Amino acid sequence: MEKKQLIKINLSGGVASAGDFYEMLIIAQNAGAAQIRFGNRQQLYFEVDAGQLEDLEFDMLGAGIDHEINTDQFPNITSSYIADGIFNHENWLKEGVYKDIFDLFDYQPELKINLVDSNQTFAPFFTGNFNFISSPVSNYWYLYIRFPKTNILYCWPVLVYSDDIPAMSKAVQQVIFANMPLFYDQAEVNADLLYQLVAANNQFVIQQIDHPLNIPEFQLPYYEGFNKQGNKHWLGIYRRNELFDIEFLKEICNLCMQTRVGQLYISPWKSLLVKNIEAKHRPLWGNMLNKYRVNVRHASNELNWQVEDLCSQCLDLKQQLVREFEEADLRTYRLSFAIKRSPKSGIYGSIMIRERNPDEFEIVHTRDFNHNTREFVVYKQGVAKIDLGRHLIALCDLFYEQQSNIVQSATVAGREDINKPINQKVVHQCKNCFTIYDEAYGDELNGLAPGVPFTGLKSFECPTCGAGKEDYKELVCVA
């Protein structure tokens, strides 16, 4: 059988005009594709036979559509533009700002770039290499750099001006690629040196950072179905198998153009959103969903998952676990889940299932269960596939028990002892993957019982990434 060729089209910021999107669908269909899918970085994928590539290339060239075949050299620029006006309202970051920034990119980035509104949690904060996050100062952004092939995160010491984001990204990328032994796939990085090298050869408009970034508590909005948007509506469409029929999408584009809905939006959760639907046009959209038998009311505990792009094993495992969650009638509010098979994939979740060996997994979670933080704690290791559901359900129960205790403690403190100082303790954190060693819990995998001090260990290996003791640093946290 002839091997299928994978075509990828980047949709900058996760947005495309209905007309442009329709043209992409026609080209894909003419090349023999019947379905497309979306990626975690808001890109578009479809497959064609090798014999169709020449005609496909000709059509892409004629339409001026950049694309890649069986490669991912140029990651898509992702953004929270999709959330504007429906999942967040109070901010200076509006449609025009996003569009101006996208238009100023005069090159194809080879490192991942995220443009994110700090007031929303629908789009991820730190899954890029260059993570621009809106600040309280109008038209200025925090920049958090995650060095390529690492989990080392560095806060740029000044705020970046909106119009400088493309040039800043290009300059930082050039310095990283010119100094790969210093900044690329390294266990340790001198981040301040990167800043000095970029600043020495470039002049950008900057502002001092007066207030550190405040990461909001994670809450995934329900992103399916018809929903109010002022005096209009928006529609979210999710597909359980991640596949969207091209005929269905073509009809969506035609209906958008017919009803003067200008743009379509791709979410980081691999779904499609249509905004600004007039109330009088809602029956037209309902009839279209009926025609293609599209269900738009899936359970919340199915919508809060991230799996690797184009990975049938990850998708099958997700579907298995979702069925177990449904049978348990499991509450997963304020949680998100991710399934990783590739160690370097950029997917995220407050609870992550990592495959270590065939059908053997480990379960980790972020320290505060916020999927926008990067500190991971190992929960269970050596878990068989058949036992994953049971352990995940127990971890969810632990999360809600902790939440109940936090609320109860806060209530008691507010009533009886509001001025009591916060107790702190020192733990040790891996610089590479952010795994925590807390002597109060020990490390079962390394045979360390609770109470064993880290400083007294002669040798130690990170249970997540295998780093040595020298790659751990002290971290002060709330006891």
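Visitor: In the hairpin of strand 3 and strand 4, which residue takes a positive phi?
Guide: This is a predicted model, in which local features need pLDDT of at least 70, side-chain atom pairs count only at pLDDT 80 or more, and totals for chains, interfaces and linings use all residues. Residues are numbered from 1 along each chain as its sequence is written, and side-chain values use heavy atoms, with hydrogens and water left out. Strands (E, at least two residues) and helices (H or I, at least four) are DSSP runs, numbered from the N terminus. The hairpin has five residues between its strands, and the one with a positive phi, near 65°, is Q42.

Visitor: How many bridges pair strand 3 with strand 4?
Guide: Two strands pair if DSSP finds at least two bridges between them. Strand 3 spans residues 35–38 and is antiparallel to strand 4. R37 has Y45 of strand 4 as its bridge partner. The number of bridges is two.

Visitor: What is the order of the strands in the open sheet of five?
Guide: Pairing in this sheet is antiparallel. Its edge strands, each pairing on one side only, are strand 5 (68–69) and strand 15 (244–245). From edge to edge, the order is 5-1-4-3-15.

Visitor: In strand 4, which residue is the bridge partner of K8?
Guide: K8 also stands opposite E68 in strand 5. Strand 1 (residues 4–9) is joined to strand 5 by two bridges. Strand 1 and strand 4 (residues 44–49) pair over six. In strand 4, the partner of K8 is Y45.

Visitor: How are helix 7 and helix 8 set to each other, roughly parallel or roughly antiparallel?
Guide: Helix 7 covers residues 246–258 and helix 8 residues 282–291; their axes are 11 Å apart, at an angle of about 170°. Axes are lines fitted to C-alpha atoms, for helices over the stretch in contact, with angles from 0 to 180 degrees between N-to-C directions. Under 35 degrees counts as roughly parallel, over 145 as roughly antiparallel, 65 to 115 as roughly perpendicular and the rest as oblique. The two helices are therefore roughly antiparallel.

Visitor: How many nonpolar residues does the contact of helix 7 with helix 8 have?
Guide: Contact means heavy atoms within 4.5 Å, and the residues involved include F248 and I252 of helix 7 and W285 and M288 of helix 8. Ala, Val, Leu, Ile, Met, Phe, Trp, Tyr, Cys and Pro count as nonpolar, Asp, Glu, Lys and Arg as charged, and the others, Gly among them, as polar. The contact has one polar and two charged residues. The nonpolar count is eight.

Visitor: Is D84 buried or exposed?
Guide: D84 sits in the loop between strand 6 (78–79) and helix 3 (95–103). Leaving out residues up to four places away in sequence, D84 touches L93, K94, E95 and K275. Buried means under 20% relative accessible area, exposed over 50% and partly exposed in between, with a 1.4 Å probe and protein chains only. With 13% relative accessibility, D84 is therefore buried.

Visitor: How many salt bridges are found in the whole structure?
Guide: Side chains of opposite charge can pair when their charged atoms come close. A salt bridge is a side-chain nitrogen of Lys or Arg within 4 Å of a carboxyl oxygen of Asp or Glu. Salt bridges with shared partners join R37, E242, K270 and D309 into one network. The total is 18.

Visitor: How many residues apart in sequence are the parts that K170 and D106 tie together?
Guide: Their side chains meet in a salt bridge of 3.9 Å, N to O. K170 is partly exposed at 30%, whereas D106 is exposed at 62%. K170 lies in helix 4 (residues 165–178) and D106 in the loop between helix 3 and strand 7 (113–116), so the separation in residues is 64.

Visitor: With which residue does K250 form a salt bridge?
Guide: K250 is buried, at 12% relative accessible area. Its partner also lies in helix 7, three residues away, about one turn of the helix. The closest N and O atoms are 3.3 Å apart, and the partner is E247.

Visitor: How many of the seven residues of strand 21 are buried?
Guide: Strand 21 is joined by six bridges to strand 20 (residues 351–357), and by six to strand 22 (residues 376–384). E360 of strand 21 stands opposite N357 and has A384 as its partner in strand 22. Strand 21 (residues 360–366) is largely enclosed by the rest of the structure, because its buried residues number six.
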